[in-house]
Every structure is written in C-alpha cells, then in structure tokens.
Amino acid sequence: MPMKVQKIVAKKEAGEKLVMATAYDYHQARLADRAGVDMLLVGDSLGRYFQGGDSYLPVTVDEVIYHCRAVARGREQALIVAGMPFGSYHVSPEQAISNALRLIKEGGADAVKLEVAQNMAPTVKVLTQAGLPVMAHIGRMPQRVSLWEDQPVCGTDEESAWELAEAAQAMEDAGAFAIFMERVAREAAALITEKVDVPTIGIGCGPDCDGQALVFHQLLGLDGAENPPQHVRRFCNGDALFSQGLQEYCKAVRNGSFPEASHSFPMEEGEAKRLY
Ligand code: KIV
C-alpha cells in the first residue's frame, strides 16, 4: 500500500530518517521501492539523467507525466513526488493548479515539488488549499541555474541562512508538507530543520536534515562521471558493472558461446526434417 504524506510527516515526529531517490522509469522505481526508499522523485533532472541533455529547462509536463506513469507501475509502498517543470507554475496559481492536477491525475503522482522563492508562497497556498500535497524546493534551484549564474552552495552567510529559514517557514505556513533543500550550507540546513515542523529533505545539505535525497544514477555510479560531485556517495559502481556485462555479451555473441541450445526454441517433432 503506497505511503501517504501523513506517514512521511510522522516519520520526522518519530525521529526516523527519510530516504528519497529519483526514479524515471519502471525498473528504477521497482528497485528503489523494494530497497525501502520512502519517496520516489520524478524530477526534471530526468532532462539530464534520462534524456542526456545539459539543462532541466526543456522538460515538459507531458514528459514528467509519462515518466510518472512508468514509476507508478513499479512502486508498491513509496510516495511518488512529481517535480513541476520550468514554466508549469510560473504564469499564475491557476496554471499551477491545473498542471499539478495533471501530474497527479494523469501521472499517478502523490505530491508535487516546486522550486520556490519566498514570494511563491501564495502559489503554494493555492495548491495546498486545493488539497494537493506540496513539497517546496529551496536553496540551489537547477531550473534557474540555466538562466542565471550558478550558486553552488546557498546559505553560506548569516543573512542568507536566515532568508532561507524564512522562506522555509513561509512554505510551511502555506501548507507545504515538506521542505526539499538543495546545496544549503550544513549549519543553515540544521537551523531550517530545527525551525520548521515539517520534514526537511536535503541533497548536499549535510546530515542534520530529516531525510536525504540523491539522484538514482549518481548514487549507483551510473552517471558516466569520472568523479561524483562532493555531496554524492556512490553506493556501487554501476557503470563498471553494466559495461562489464555488456562487453561480455558482445564477446559471447562474437565467439559463438551465446546463444546456447537452451536459449533457442526447436520446431515440433519431425518438422525440421521436412524443411530440406
Ligand atoms: O527535481 C529534481 O529532479 C531535483 C534534483 C536535483 C534531484 O530536484
């Protein structure tokens, strides 16, 4: 039975750490869900890790819906959070509601995630008042990074740490059930986690958040990068493992050791003789 947002919030209250990972297809969802991940994020990072692009901006609502559907078929217990892509909630609160409804209704998502600054609190409020579970993304915002100079770490001085804490509080007040923080300095992330009652999920924000998120391909070493970014631990070397399997496949086909007799399907008794 899939989790509801109340269970995610209850885990913070019980002092249980939350685990989130991105998933973009059925198999990734199935693996992460069976491993015990609490939340599957179908985010616009799919623009990079699924589509191979260098920006998240071109990802559309239709594409996130398509990937959500595949992920929904692979999950049993985890909560599915759909990332709202660039341009899908910026025009008006009505646009935000109609796209969030599509992600939930057509995609099968349980909640939506929006990259927000404090001035987006009214949009978050409109969504939550419509009964839609919202995770508010603060700190570094990948959608903005394509348009503005990257700020690799946020909240590194007192003023910006308090600004983030105020933004997080504004999102909680607007009804967000969780705060997603990306690359916020450890002490600032700890302050935010202490100030808000809802769970904080960090990616590159240190160990004091209520939960952690990582990109599927990065945590499994499937991202093709020589070295992972500072905030990532590779829990296995997926690239090496997969490429070894594929090289062995090529070799076996070329040297004739695959397929074996057991991999093929014989004709009915006596029928083969009649071919010649
Ligand atoms: O929505 C997303 O895909 C993200 C990544 C940074 C994990 O926020």
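## A quick tour: two domains, a pocket and a ligand

In this structure, the centres of domain 1 and domain 2 sit 44 Å apart, going by C-alpha atoms. Keep in mind that you're looking at a predicted model. Below, we'll go through the domains, then the largest pocket, then the ligand.

**Domains**
- The domain assignment splits the protein into domain 1, covering 5-237, and domain 2, covering 241-275.

**The largest pocket**
- Its volume comes out at about 610 Å³.
- There are 27 residues in the lining, and the ones nearest the pocket's centre are G204, Q212, A213, L214 and H231.
- Four elements each put two or more residues into that lining: β1 (18-22), α2 (26-35), β8 (211-214) and α10 (216-219).
- The top contributor is β1, which supplies four residues.
- Sort the lining residues by class and you get 19 nonpolar, five polar and three charged.

**The ligand and its neighbours**
- Around the ligand you'll find T22, L41, G43, D44, S45, K113, H137, F180, E182 and V215.
- By class, that shell is made up of three nonpolar, four polar and three charged residues.
- Three side chains are worth a look here: S45 has a polar atom 2.5 Å from an oxygen atom of the ligand, K113 has one at 2.9 Å from a ligand oxygen, and D44 has one at 3.4 Å from a ligand oxygen.
- How much of the ligand's accessible area does the protein cover? On its own the ligand has 260 Å², and the protein covers 97% of that.

Key: Residues numbered from 1 in each chain as written. Predicted model: local features only at pLDDT ≥ 70, side-chain atom pairs only at ≥ 80, totals over all residues. Heavy atoms only, no water. 1 Å grid on protein atoms, 1.4 Å probe; cavity = no way out; pocket = protein on both sides within 12 Å on 5 of 7 lines; lining within 4 Å. Points joined across faces, edges and corners; volume = space filled by probe spheres on them. Nonpolar A, V, L, I, M, F, W, Y, C, P; charged D, E, K, R; others polar. Domains from an automatic or database assignment. Near = heavy atom within 4 Å. Polar contact = N/O pair within 3.5 Å; in protein donor to acceptor, adjacent residues only side chain to side chain. Areas by Shrake-Rupley, 256 points an atom, 1.4 Å probe, with all protein chains shown as cover.
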